[in-house]
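Student: I'd like a close look at a single part of this one, in whatever detail you can manage. Pick a salt-bridge network, take me through it slowly, and then show me how the surroundings fit in.

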Amino acid sequence: AEVRNGRSVPKAFQTLDACFFVAFVVELMLRISLDSPREFFFGKAAPWNLIDVLATVLLGLEVFQFVVSLGNASFVRSLRFVRYVRAVRMVKLIRSMRVTRLLMASLGGVIQPLIATL
């Protein structure tokens, strides 16, 4: 298992990182194909799109480092804040969508009793 900050990272987390990387790459490809590449990289949402691309590339570097065991990738890990910025963007988008908020609230109300029964 990979060692981060003196602690071992479970293989399941490495696998999850790889799965998220694949999902993010597919998402980016779909977004670029739906918008024109010009709109994606130079349009109104271009700064956010570039953050998404950078976060995905950094995650890809981490996944690649896990797969090939290149040693310490502390520089790549130090740039994790880009992923946090992407998460903040998602929260901002969710806040702006009333229907999505209602759906999330409904799911939250259903999941709590479900977890309590398990």
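**The salt-bridge network and its helix**

Tutor: Let's start with Glu 27, which counts as partly exposed, at 27% relative accessibility. One caveat before we go on: this is a predicted model, so read each distance below as a value computed from that model.

Glu 27 is found in helix 1, and its partner in a salt bridge is Arg 31, with the closest N and O atoms 3.2 Å apart. Why does this pairing suit a helix? Arg 31 and Glu 27 are 4 residues apart in helix 1, so about one helical turn separates them. The general geometry fits: an α-helix has 3.6 residues a turn, so residues three or four places apart point the same way. Charge comes into it too, since side chains of opposite charge can pair when their charged atoms come close.

Now stay with Arg 31. Is Arg 31 buried or exposed? Arg 31 has a relative accessible area of 18%, and the cut-off for buried is under 20%, so Arg 31 counts as buried. Glu 27, at 27%, is on the partly exposed side of that line.

Arg 31 has a second salt bridge as well. Its side chain meets that of Asp 52, at 2.9 Å from N to O. Arg 31 sits in helix 1 and Asp 52 in helix 3, so this pair ties together parts that are 21 residues apart in sequence. Both ends of the bridge, Arg 31 and Asp 52, are buried.

How many salt bridges does the structure hold? The count is 2. Put the pieces together and you get a network of salt bridges linking Glu 27, Arg 31 and Asp 52. As for the two acidic members, the C-alpha atoms of Glu 27 and Asp 52 are separated by 10.0 Å, with their positions 25 residues apart along the chain.

Next, the helix that carries Glu 27 and Arg 31. Helix 1 covers residues 11–34, which makes 24 residues. From its first C-alpha to its last it reaches 35 Å, close to the 34 Å expected at 1.5 Å a residue. Arg 31 has company among the buried residues of this helix: Gln 14, Asp 17 and Leu 28 are buried in helix 1 too.

Other residues of helix 1 let you follow some pairings that are far apart in sequence. Take Leu 16, which has its place in helix 1 and counts as partly exposed at 43% relative accessibility. The C-alpha atoms of Leu 16 and Val 63 are 9.7 Å apart, although the two residues are 47 apart along the chain. Ala 18, also in helix 1, is partly exposed at 25%. Its C-alpha is 8.7 Å from that of Phe 64, a residue 46 away in sequence. Then there's Phe 20, again in helix 1, with a relative accessible area of 44% that makes it partly exposed. Phe 20 and Thr 56 are 36 residues apart in sequence and 9.1 Å apart from C-alpha to C-alpha.

Back to helix 3, where Asp 52 sits. Helix 3 runs over residues 46–68 and also contains Asn 49. Asn 49 is buried, at just 5% relative accessible area. What does the side chain of Asn 49 have beside it? A polar atom of that side chain lies 2.8 Å from the backbone oxygen of Phe 40.

Finally, zoom out. The protein has 6 helices and 2 strands, and along the sequence the order is β-β-α-α-α-α-α-α. Of its 118 residues, 23% are buried. Among contacts with a separation of 6 or more, 57% come from residues 24 or more positions apart. The accessible surface is about 8,700 Å², with 72% of it belonging to carbon and sulfur atoms. One nonpolar surface patch, of about 470 Å², is made by Leu 103, Met 104, Leu 107, Ile 111 and Ile 115. You'll find Leu 103 in helix 6, residues 98–117.

Key: Residues numbered from 1 in each chain as written. Predicted model: local features only at pLDDT ≥ 70, side-chain atom pairs only at ≥ 80, totals over all residues. Heavy atoms only, no water. Patch = residues over 30% accessible without salt bridge, like charges linked within 9 Å, V, L, I, M, F, W, Y side chains within 5 Å. Areas by Shrake-Rupley, 256 points an atom, 1.4 Å probe, with all protein chains shown as cover. Salt bridge = Lys/Arg side-chain N within 4 Å of Asp/Glu carboxyl O. Buried < 20%, exposed > 50% of the residue type's maximum accessible area, 1.4 Å probe, protein only. Polar contact = N/O pair within 3.5 Å; in protein donor to acceptor, adjacent residues only side chain to side chain. Expected span 1.5 Å × (residues − 1). Contact = heavy atoms within 4.5 Å.
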